Protein chains: 2
Amino acid sequence: MSYTIGQVAEMMGVTPSTLRYYDQEGLLPKVNRVNGIRVFEDSDFAWLRILNCLKNTNMPIKKIKEYVELAKLGDSSLKERYEIIKEQKQNILEQIEQFKYYLREIEFKEWYYETAIKEGTEKNMMEKMKNNPSFDLDEIPKNTKLKNK
Amino acid sequence: MSYTIGQVAEMMGVTPSTLRYYDQEGLLPKVNRVNGIRVFEDSDFAWLRILNCLKNTNMPIKKIKEYVELAKLGDSSLKERYEIIKEQKQNILEQIEQFKYYLREIEFKEWYYETAIKEGTEKNMMEKMKNNPSFDLDEIPKNTKLKNK
DNA sequence: CCTTGACTTAAAGTTAACTTTAAGTGATAT
DNA sequence: ATATCACTTAAAGTTAACTTTAAGTCAAGG
């Protein structure tokens with residue numbers, strides 16, 4: 001089965017322009033053409049899946065390109081590609097942990113507003129907050145946004 | 001206790017320029033000045049914490065600003081602020097779920113490389129993959145990057 | 001035959017979130 | 001007293017990741 005750029009874009013939830021941009025940046029190395037028109041095959045979907053995964057977990061386009069270039073080298077780059085994947089796995093794990101932390105923080109704020117709304121005012125919240133077990137004065141967690149070099 | 005912009009920047013893991021930029025964008029509404037110099041007080045830290053939380057969970061600066069403007073209105077905006085917090089909580093939950101999904105995907109790729117490296121080649125991986133229980137041909141999950149309007 | 005719609009390119013434009021620069025102020029250390 | 005920091009502003013510059021535009025090709029339907 002083969003697909004047009006529009007169909008693939010639809011499947012991935014992006015626009016055809018975005019896919020053309022990825023192609024231009026070298027992220028779609030083995031997509032065929034017929035009369036100049038891109039024709040996506042089922043065999044391209046394994047790569048589209050992993051591309052989607054790397055992109056949606058905040059790997060920059062440039063780093064994804066590095067990965068693509070390594071893949072083009074074949075077996076000799078297996079180890080390097082493995083390292084990139086392990087690094088990205090680590091990034092994902094850290095991002096999940098961060099988000100779980102911020103979830104607790106926002107749930108505290110949710111409680112804050114629920115309580116204030118019941119009262120009709122947030123004037124007395126300073127007092128109330130001391131009785132909430134989530135109220136503590138940790139440091140501000142540092143911004144640890146991943147840079148992927 | 002009071003702090004300079006440099007100290008606060010250090011605590012938050014950003015540069016002083018970034019904090020000045022936030023101030024310019026109206027994200028630091030009640031920071032005092034002495035001789036034109038910003039003086040952060042302990043009382044500012046509650047807001048710095050929530051700012052940090054919203055920012056690091058991908059709420060755009062503009063949306064954070066909206067939230068700040070609502071907060072300035074006092075009790076009359078409690079409900080609207082509550083809605084923003086609930087919405088952001090939802091975003092965080094969705095982002096965690098997405099990341100968990102991509103974690104499974106990348107762990108599959110990790111297994112792929114471990115196996116290929118043992119073999120010294122990825123030539124036979126198509127065959128091997130069929131025996132891995134994680135190998136399935138779901139749709140490509142759509143990009144559901146949150147826009148926060 | 002001609003219109004419609006989906007595809008093509010190269011190049012310019014957009015947006016968010018900073019970051020840098022240039023010029024200046026003011027307290028502290030030598 | 002002078003050099004060195006850390007602070008200040010306004011404005012210009014940067015970067016990533018698209019997005020839009022303009023001009024064109026091509027196959028299918030009425």
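**Two protein chains and two DNA strands**

Just after helix 3 of chain A, A:Asn58 takes a positive phi of about 70°. Helices here are DSSP runs of H or I with at least four residues, strands are E runs of at least two, and both are numbered from the N terminus. This is a predicted model, in which local features need pLDDT of at least 70, side-chain atom pairs count only at pLDDT 80 or more, and totals for chains, interfaces and linings use all residues. Residues are numbered from 1 along each chain as its sequence is written, chains are lettered from A and ligands numbered from 1 in the order in which they are written, and side-chain values use heavy atoms, with hydrogens and water left out.

Start with helix 3 itself. Helix 3 of chain A has 12 residues. From first C-alpha to last it reaches 16 Å, close to the 16 Å expected at 1.5 Å a residue. That expected span is 1.5 Å times one less than the number of residues. Of the 12 residues of this helix, 11 are buried, so helix 3 of chain A is largely enclosed by the rest of the structure. Buried means under 20% relative accessible area, exposed means over 50%, and partly exposed lies in between (1.4 Å probe, protein chains only). The buried set includes A:Phe45, A:Trp47, A:Leu48, A:Ile50 and A:Leu51. Among the buried residues are also A:Arg49, A:Asn52, A:Lys55 and A:Asn56.

Next comes helix 4 of chain A, residues 61-72. Its 12 residues reach 17 Å from first C-alpha to last, close to the expected 16 Å. Its buried residues are A:Lys63, A:Ile64, A:Tyr67, A:Val68 and A:Leu70. Seen down the helix axis, they fall within an arc of 160°, so they line one face of helix 4. The arc is that of the directions from the helix axis to the C-beta atoms. What covers these buried residues? The cover includes helix 3 (45-56) and helix 5 (78-119) of chain A, together with helix 5 (78-119) of chain B. Contact here means heavy atoms within 4.5 Å. The face turned away from the buried side carries the exposed residues A:Lys62 and A:Lys72. Just after helix 4, A:Gly74 takes a positive phi of about 80°.

A:Lys62 leads to the DNA. A phosphate oxygen of DNA strand D is 3.3 Å from an N or O atom in the side chain of A:Lys62. A polar contact is a pair of N or O atoms within 3.5 Å; within protein, one must be able to donate a hydrogen and the other to accept it, and residues adjacent in sequence count only if both atoms are side-chain atoms. Chain B also reaches phosphate oxygens of strand D: the distance is 2.7 Å for the side chain of B:Arg20 and 2.9 Å for that of B:Arg33.

There are 17 residues around DNA strand D, and A:Ser17, A:Tyr22, B:Thr4, B:Arg20 and B:Arg38 come nearest. Sugar and phosphate account for 81% of the strand D atoms that come within 4 Å of the protein. A residue is near a strand if one of its heavy atoms lies within 4 Å of it. Which elements supply this surface? Helix 2 (16-24) and helix 4 of chain A, with helix 1 (5-12) and strand 3 (37-41) of chain B, each supply at least two residues. Helix 2 of chain A gives the most, with four residues. The surface near strand D divides into six nonpolar, seven polar and four charged residues. Ala, Val, Leu, Ile, Met, Phe, Trp, Tyr, Cys and Pro count as nonpolar, Asp, Glu, Lys and Arg as charged, and the others, Gly among them, as polar.

Now turn to DNA strand C. It is surrounded by 16 residues, and the closest are A:Thr4, A:Arg20, A:Arg38, B:Ser17 and B:Tyr22. Sugar and phosphate make up 81% of the strand C atoms that come within 4 Å of the protein. Polar side-chain atoms lie 2.7 Å from a phosphate oxygen of strand C in A:Arg20, 3.0 Å in B:Thr18 and 3.2 Å in B:Lys62. Helix 2 of chain B brings the largest share of this surface, four residues.

Last, the loops. Most residues other than glycine have a negative phi. A:Asn35 has a positive phi of about 55° although it is not a glycine. A:Asn35 lies in the loop between strand 2 (32-34) and strand 3 of chain A. It is exposed, with a relative accessible area of 77%.
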